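Here are my notes on helix packing and sheet layout. Please read them with the model open.

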Amino acid sequence: MKFKFLEKEPSTKSFEPDDVFTFIENFKTQHKKIALPVPAMEETYQRARVEEDRGLAIEAATVRVMKSRRILNYPQLIQEVLSILKQFRPDPRVIKRKIEYLIEKDFLERDKDDSSILKYLA
């Protein structure tokens with residue numbers, strides 16, 4: 001059941017810090033308890049936040065694979081990362097960017113003889 005026992009000024013669906021709530025004084029009910037729903041936050045989906053979280057997941061999966069394998073060639077690493085990340089299917093170009101980022105941060109290095117082979121550093 002829904003009960004209207006509060007009035008909001010201004011009467012909009014969103015919540016702002018300067019909104020004013022007043023109690024309706026003539027409110028009556030036979031129920032002893034009333035459950036108050038929690039207002040939904042407007043930050044339910046932000047594309048930038050999702051992309052950032054996915055980037056971190058790609059980096060973590062890459063490090064996890066390389067930590068267990070130590071030496072792996074580039075196509076195998078891409079396949080392993082794609083197989084780990086089943087919640088979403090990242091673009092291989094994004095995985096490549098994250099691998100290059102991990103190389104810059106000294107988590108991985110390319111083999112001196114064959115640049116398609118990556119080594120884990122730690």
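1. The crossing of helix 1 and helix 3 is right-handed. By class, the contact between helix 1 and helix 3 has 7 nonpolar, 2 polar and 2 charged residues. Keep in mind that this is a predicted model.

2. Now the geometry of that pair. Helix 1 covers residues 47-69 and helix 3 covers residues 92-104. They pack at an angle of about 65 degrees, and their axes are 10 Å apart. Angles of 65 to 115 degrees count as roughly perpendicular, and helix 1 and helix 3 are therefore roughly perpendicular to each other.

3. Which residues make the contact between helix 1 and helix 3? Helix 1 brings Gly55, Ile58, Glu59, Thr62 and Val63. Helix 3 meets them with Val94, Ile95, Lys98, Ile99, Tyr101 and Leu102.

4. Next, the sheet. It is open, has 3 strands and runs in the order 3-5-4, with antiparallel pairing. Strand 3 (71-73) and strand 4 (108-110) stand at the edges. Each has a single partner strand, so one side of each is left without a neighbour in the sheet. On average, neighbouring strands of this sheet are turned by 30 degrees against each other, direction ignored.

5. Strand 3 pairs with strand 5 (residues 117-120) in the antiparallel sense, over 3 bridges. Leu72 stands opposite Leu118 in strand 5.

6. What packs on the sheet? Helix 2 (residues 74-84) does, touching strand 3 and strand 5. The direction of helix 2 makes about 95 degrees with that of strand 3.

How values were computed:
Residues are numbered from 1 along each chain as its sequence is written. This is a predicted model: local features need pLDDT of at least 70, side-chain atom pairs count only at pLDDT 80 or more; totals for chains, interfaces and linings use all residues. Side-chain values use heavy atoms; hydrogens and water are left out. Axes are lines fitted to C-alpha atoms, for helices over the stretch in contact, and angles run from 0 to 180 degrees between N-to-C directions. Helices (H or I, at least four residues) and strands (E, at least two) are DSSP runs, numbered from the N terminus. Angles under 35 degrees count as roughly parallel, over 145 as roughly antiparallel, 65 to 115 as roughly perpendicular and the rest as oblique. A crossing is left-handed if the near helix is turned anticlockwise from the far one by less than a right angle, and right-handed if clockwise. Contact means heavy atoms within 4.5 Å. Ala, Val, Leu, Ile, Met, Phe, Trp, Tyr, Cys and Pro count as nonpolar, Asp, Glu, Lys and Arg as charged, and the others, Gly among them, as polar. Two strands pair if DSSP finds at least two bridges between them.
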